[in-house]
Amino acid sequence: MSLPLFFALYCLEAGLFFTVVPWTRVWTLNPLLHNHVAIGVWADNPFVRGFISGVGVIHILIGVKDIVLLTRRGRGDVAR
């Protein structure tokens, strides 16, 4: 039970991170992304930021789905 729970919590936390961080100063002032001009321009592109936020939303949905399945399995009514 603990491994699926840790996976679900990881998905929620990673999803929140990927959804929020591309739109903050952490992303804008990151020296790893802005050491090279071409990578900096690419990282500042709103479409790239939106794509990464979309990956975060997918992680959140997977985490929520897994937690719902874990709670149903814990109560004994597993519906597929």
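Here are some short exercises on a predicted model, each with a worked solution.

**Exercise 1. Get to know helix α5**

Work out how the span of α5 compares with what is expected, and find what caps its N-terminal end.

*Solution.* Start with the length: α5 runs over 46–75 and has 30 residues. Next, go from the first C-alpha to the last, and you get 43 Å. At 1.5 Å a residue you'd expect 44 Å, so the helix comes close to its expected span. Now look at the N-terminal end. Asn45 is the cap there, with a side-chain oxygen 3.0 Å from the backbone nitrogen of Phe47.

**Exercise 2. Look for what α5 hides**

Which residues of α5 are buried, and what covers them?

*Solution.* Go along the helix and pick out Val48, Arg49, Ile52, Ser53, Gly56, His59, Gly63, Asp66 and Leu70. Then check the cover, which includes α1, α2 (25–28) and α4 (37–43). A bit of background helps when you look at such a list: an α-helix has 3.6 residues a turn, so residues three or four places apart point the same way.

**Exercise 3. Zoom in on two buried residues**

Take Gly63 and Ser53, both in helix α5, and find what each one touches beyond its sequence neighbours.

*Solution.* Gly63 first. Its relative accessible area is 0%, so Gly63 counts as buried, the cut-off being under 20%. Leaving out residues up to four places away in sequence, Gly63 touches Ala8, Cys11 and Leu12. You can also pair Gly63 with Phe7: they sit 56 residues apart in sequence, yet 7.6 Å apart in space, C-alpha to C-alpha.

Now Ser53. This one is buried too, with a relative accessible area of 10%. With the same kind of neighbours left out, Ser53 touches Phe18, Thr19, Pro22 and Trp23. Its side chain also makes a polar contact with the side chain of Trp23, at 2.7 Å.

**Exercise 4. Track down the salt bridges**

How many salt bridges are there, and are the residues in them buried or partly exposed?

*Solution.* The count is 2. As a reminder, side chains of opposite charge can pair when their charged atoms come close. One bridge joins Arg49 and Asp44, at 3.5 Å from N to O. Arg49 is buried at 12% relative accessible area, whereas Asp44 is partly exposed at 34%. The other bridge joins Lys65 and Asp66, at 3.4 Å from N to O. Here Lys65 is partly exposed at 45%, while Asp66 counts as buried at 14%.

**Exercise 5. Spot the nonpolar patch**

Which residues form the nonpolar patch on the surface, and which helices supply at least two of its residues each?

*Solution.* The patch is made of Phe7, Tyr10, Ile58 and Ile62, and together they have about 390 Å² of accessible area. Both α1 (2–20) and α5 supply at least two of the patch residues. Take Tyr10 as a sample: it belongs to helix α1. With a relative accessible area of 46%, Tyr10 is partly exposed.

**Exercise 6. Finish in helix α4**

Find out whether Ala43 is buried or exposed, and what it touches.

*Solution.* Ala43 lies in helix α4. Its relative accessibility is 0%, so Ala43 counts as buried. Skipping residues up to four places away in sequence, Ala43 touches Trp27, Leu33 and Arg49. For a last check, go from Ala43 to Ile58: 15 residues apart in sequence and 20 Å apart in space, C-alpha to C-alpha.

Notes. Residues are numbered from 1 along each chain as its sequence is written. This is a predicted model: local features need pLDDT of at least 70, side-chain atom pairs count only at pLDDT 80 or more; totals for chains, interfaces and linings use all residues. Side-chain values use heavy atoms; hydrogens and water are left out. Patches are made of residues with over 30% relative accessible area and no salt bridge: like charges are joined within 9 Å, nonpolar side chains (Val, Leu, Ile, Met, Phe, Trp, Tyr) within 5 Å. Accessible areas come from the Shrake-Rupley method with a 1.4 Å probe; for residues, only the protein chains shown count as cover. A salt bridge is a side-chain nitrogen of Lys or Arg within 4 Å of a carboxyl oxygen of Asp or Glu. Helices (H or I, at least four residues) and strands (E, at least two) are DSSP runs, numbered from the N terminus. Buried means under 20% relative accessible area, exposed over 50%, partly exposed in between (1.4 Å probe, protein chains only). Contact means heavy atoms within 4.5 Å. A polar contact is a pair of N or O atoms within 3.5 Å; within protein, one must be able to donate a hydrogen and the other to accept it, and residues adjacent in sequence count only if both atoms are side-chain atoms.
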